[in-house]
Each structure stands twice: as structure tokens, then as C-alpha cells.
Amino acid sequence: MGLRGGAVRGWGDGGKGGGGERCSQRPAWDRCLGGPSRRPSPSRLPPRRGGVLPSPKMAAGRGGAAAAGTAARANSGRRGAARRDGGAGAARAARGAAGGGGERREAAQHAAGARPCSGLSAAASLQDAIRTLNTLQTNASYLEQVKRERGDPRAQLEAMRGFLERSGLQVEDLDRLNIIHVTGTKGKGSACAFTERILRGYGLRTGFYSSPHLVQVRERIRINGQPLSKELFSKYFWLVYRRLRGTKDESQANMPAYFRFLTIMAFHVFLQEKVDLAVVEVGIGGAFDCTNIIRAPVVCGVSSLGIDHTSILGDTVEKIAWQKGGIFKPGVPAFTVPQPEQPLEVLRDRARECGCPLYLCPELDAFEAGTQVLELGLAGSHQRSNAALALQLSRTWLQRRGYEAGTDVLQDVLPGAELSAQRSVPLAPTFCPSDAMIQGLRDTEWPGRTQVLPHGPVTWYIDGAHTTSSIQACVRWFRQAALNEDKPQDGSEVRVLLFNATGDRDTAALLKLLLPCHFDYAVFCPNFTEVSVAANSDQQNFNVTLENALTRCVENQKTWTRLMEEKGGPWLPAPLEVGGLLQPDPLRGALLLVPPAERPLNSTSLVFPCISHALQWITQGRDPHLPLPASKVGAHPHPVATSGAVLLQEAAAIRVLVTGSLHLVGGVLKLLDPTLSQ
């Protein structure tokens, strides 16, 4: 199987935002899509203050049915042309979409099957929707053009408002969603998951918008913790898509990019499905993120800050803090976890500028009165600050919406208020967590974050850490969860790192932090589940080619080799060069990318072209959950592969840490648990 650049499209990297922000994909779903195993009994609630929450009412879409019909007829004509073209037009359109040009992406939308066909099955209609959605992706060159043309990033929010109105909504309509808006560098998704699970325990109907997704794009938009069903995803996708297509003219901007479109679609879903509240996770940053068209959230949160997405947000934590503080709104309480002094001061100043009362969350220890220890559904000590933030967000939401009364309510902090010399931001009051809060923290599930999957002799430790601070937390968790355990008495233990990092992240800094885990092997591969992803539309991404992804993997391998040499470990061979990688010897197959010369047995790093090949080598058929390949993958003439295979086959325990990229984590989970793709 040849590995020619451009033949395969994958997830790529980048951020979560559309338009001026990089498009990305991440999921988050309740385990096995079956929901939590335990559900707390709804708490007895006092009557709502101010009556029942208003039910959503959709604004009329401009263009109406006539525009939708016109678009459908146009689609039908193009589909016929595409069929007569024998599929070549679809391929050309897909290649055009990768270039980021508006008309080229539009052509790809039709050639890829941009049609809501009532006669199609739900699965087929969903696949059409996802393929069409994928044509809205942006790439790096397009993003650079956007930055040049829009020197003022505020124009991105104006464009988002225009897209929202064209879809049939006004910004004012979003006020009815009772939104909890959360940003941060690391932990914001976990904080959102804790918050949503707590409030669901009160019997409330919750909406949850997160990014990126791990396996299926439907996981980004949830109702009551469950990913949007295939039928509803298809229904709302085509509803929004038709309205946007039907209102497009020469004076209008083009179709919204991937993340913008999904954000608009999520708002439609939450309003139409009449949720009591919506937990909304920011894509990238905050100030100019497209979710920041929300004008009146109930409460806001800022999780731990760090360095990430520097090309968009800035290269210092202070600049990043300024962006994150952009979600603060006048009179809307906001909470943040303990931060370094300088970024905390930036958040304080941003809050004062707009009249936002900002509070610092007490440590979770403060809520554990006496001997009570709050049990968390997510492992790792770093999750305690995310849980503390979730307690404050959920409690404040309940109080402001009249579900819960209390004497320890927040007092507004006005601009210029005097604070103690020890603290630049006032400390929020502690309280006694309710039974629903305690149960919610315990029942929270957030796959791909500090997740352990024991599969016979193979144990998977999965965490999507991708910043220096989150990798540090991941290492602490992994050492506690895996390396502190006694070695098997009846045999050896082999430790394997499966890693990938993409985008503008400092791979050397991330890998250096992983050295103390003492891995026997480091395995690198792109974020593609298979070498060909043509049949998996959820993984499709027009932003990255296989050749580019493999080049990054080889660079990561070189970095690991250098770090191991500096550490004083055994001599390692020269890493692979990219030139001969993309067309390996057919007799060897595409399993392992190897140089032509033989290498010593003590090499400890390998590069594979896709996740499935990497997993097959790591497990050597010993993971009962991983289907065996059609051919024997373990045998390979390269010394590293053959000697490593013997060790893996004979080891009593294989401990695998998967980290560096949420997209890598999603691909691994897709293979280890096929039910997640159903």
C-alpha cells in the first residue's frame, strides 16, 4: 500500500475555533454511549423564583422555504453532474476544499453529497451531513489570509453574528439558554463535565457543547449528557445548512467555518429541544472565540491557565489570560481557580474593566468538612481544582435561577473595591455541597482524560494532555496509577509510550517531561486510525496530509532519540529520514516505516503510519478487545520490531500511556471500543 502525500486526509491539529481560529475535532461522550451507571435521585427543589423558564421560540429564518427549495434544486442538479462525472468531480472538489477557497469548498459540498434525502436511512443521511460539514473546514493558508484581511479580530464576532442571523436566530435568543460559559487552557472540558453532571442530578434538562470530539462529531452537542442522536444531528444540520445556503448572496460572507457552524447548530438544538441550561465550552481563547457572541450568561468560569495556541493567543501566559478574560460580562459573576500571580492580575483587571464580579475558588479541601472526602469520577489530583470550579459554577447557577436559596450568597465586587494585600481577587464563600453535588462529582465521566482501560495483560492509560502543564499532571497521574504498582511476580513488565503532538506545540518540552516514566519503547504515529480514512467521515480533515503528519512523527522520534542520548541511555540509531518513508517495500507492508540499513537491537523508538498498526505491534494479539489483523503484523525484518515483539509477547504486563493529542486518544479509543462508533 503506497503512502503518497495527499492521498489521505486526517484529523490534523489546530484549535477548535472556526474562521480566524484553527478548526479541530474532539469528542466527549458518556462511557459506551450508555450514560452513567449510577444516577442520583433528583433533589427536592424549592419552587422556582420568577416562574417557569421561558420555552424557546425559534426566530423565522430569512429566505424561508423558497430559498431552501432553490438550494435543494441546485443540489440535485449538481449531484446529477457529479454522478455523470463518475466520481472524478467529487475528488476534484475535495481537493479544492483543501485549499480553503470559498467556491472550491462549495463545489466540494455538492460533490460530497450535500443533500438531506428524506428517503435515506438515518445513518446514510448522517454521513451525508458529516461529509458536508467537513467541507467547511479551514486550513492554515486560509487562516493566514483571514488574519491579513481582518486586522481587527473583533470582525470575527461580527461575522458570527451575521451567520447566526442568517440561520434564523438573533443574539438575544441565546439569553433564554441560561448559559454557563467556561474557558481556560487546561481542565475547562473537565470542569464543564463536572458542572453538567451536577446540574443534571437536580432533574434539569441540560445541554452541553464541547470540542473537539474523540470518535464522533455528534459528541460535541449533547442533551442530558448523551451525544445528539443520529436523527437529530442530521435534522438540525440540514435545517441550519439550508438556511445559510438559502440566504447567501454576493453581499453576504461565505458559509461559516466548521467550528462556527457547529456552534450555531448547537444553539438551534438547545433552543428547539428546550433545555433548562446550556454548558458551553470556549473553543480557543475567549475574547474573539465565536462562542463569545453569548451576551448574557448566568455565570462564567476560567480553569487553569497555561501556554497553548501561541500563534493565535500570544506567547506569554499574560497575553493568554487577557484573551481568556474576554468572556467576562457586566454584572455576571465569574470564578477562576488559583493561578500564577501575573495572569491572575490580568484576569482581575479584565473583570474590573467590564464590571464583572470575579472570585477565586477555594480549594476542594475546604468543602470536605470533617472526615468527608469528595470522591471524583475523574482521576488525578489536578481534577480537584476543576471540581472546585464546578461546585461554584453549579451553585451560583442554581441560586441565580431560583433553584436554591442560601445566606452565603455572593456579594458583588465593584470596580475599585479594596482587597486584602494577600489576595488580588476575593475568595468565594465555601458551602456544604448538596447530595446531588456530591453524587454528580462522583458520577462524572469524561473519556480520554486520565482514563484507565484494563484489557487482560495490556493496560491502557489514556490522557489527552498536550501542554507542558497538562503533561506534568499526566505524568503525576501515570506514575501513581501505573508505576507505583508492584511489578508482576511471574514475569516482566514492558512500558510503552504512544505519542503524537501536532500544531505549534513544543514537542521537545513535552517529551522531556515524559522521560521519568522510564518507557521501554516510544511509539510515534499520526492521528489517523487507518492508513485510509475515506470511509470514516468523522476523521476526515482537509487540513493535513499523511506526508505532513508522518514528517512530524519522524521529527518527534528524532527529538526522543536526542533526549535519550542526553539522558545517558543506550546508544540509539539515527532516526528515520522522511525521503524514503512514503513508499515502503511492498513485501514489508505499511506496518513500520524503517530505513534501508539494519539497526541495532537496542533501539527503543518506532514510527508507524497509523494508529491501528501501532496498536497491533504494541499488543501482539494480547488485547482481547482489539481485533486481530488479517495478516500477521508482528513479524517484520526490522530488528527493533522483531526484538520488541518478543518482549511484548512474553511480558506478564504491558502498560501503555497514550498522550500528546486528544485526536490520537480518540483514534485509540475508537479501536479499543468499537461501540463508541455506533
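How many helices and how many strands does the protein chain have?

## Overall make-up

In this predicted model, the protein chain contains 20 helices and 14 strands. Of its 678 residues, 59% count as buried, and the chain exposes about 25,500 Å², of which carbon and sulfur atoms supply 51%. Among contacts between residues at least 6 apart in sequence, 80% join residues at least 24 apart.

## Strand β12 and its two partners

Strand β12, which spans residues 521–524, pairs with strand β11 (residues 493–499) in a parallel arrangement joined by four bridges. Between these two strands the chain passes through helix α16, residues 507–514, and the resulting β-α-β crossover is right-handed.

Strand β12 is also paired in the parallel sense with strand β13 (residues 605–607), here over three bridges. Ala522 of β12 takes part in both pairings, since its bridge partners include Leu497 and, in β13, Ser605.

## Cover on the faces of β12

Are the residues on the two faces of strand β12 buried or exposed? Tyr521 and Val523 lie on one side of the strand, Ala522 and Phe524 lie on the other, and all four are buried, so that both faces are covered. This arrangement follows a general pattern: in a regular strand, the side chains alternate between the two faces of the sheet.

Taken with the bridges described above, Ala522 is thus a buried residue of β12 that is bridged to Leu497 as well as to Ser605 of β13.

Notes
Residues numbered from 1 in each chain as written. Predicted model: local features only at pLDDT ≥ 70, side-chain atom pairs only at ≥ 80, totals over all residues. Heavy atoms only, no water. Buried < 20%, exposed > 50% of the residue type's maximum accessible area, 1.4 Å probe, protein only. Pairing = 2+ DSSP bridges. Right-handed = clockwise from strand over helix to strand, strands pointing away. Contact = heavy atoms within 4.5 Å. Areas by Shrake-Rupley, 256 points an atom, 1.4 Å probe, with all protein chains shown as cover.
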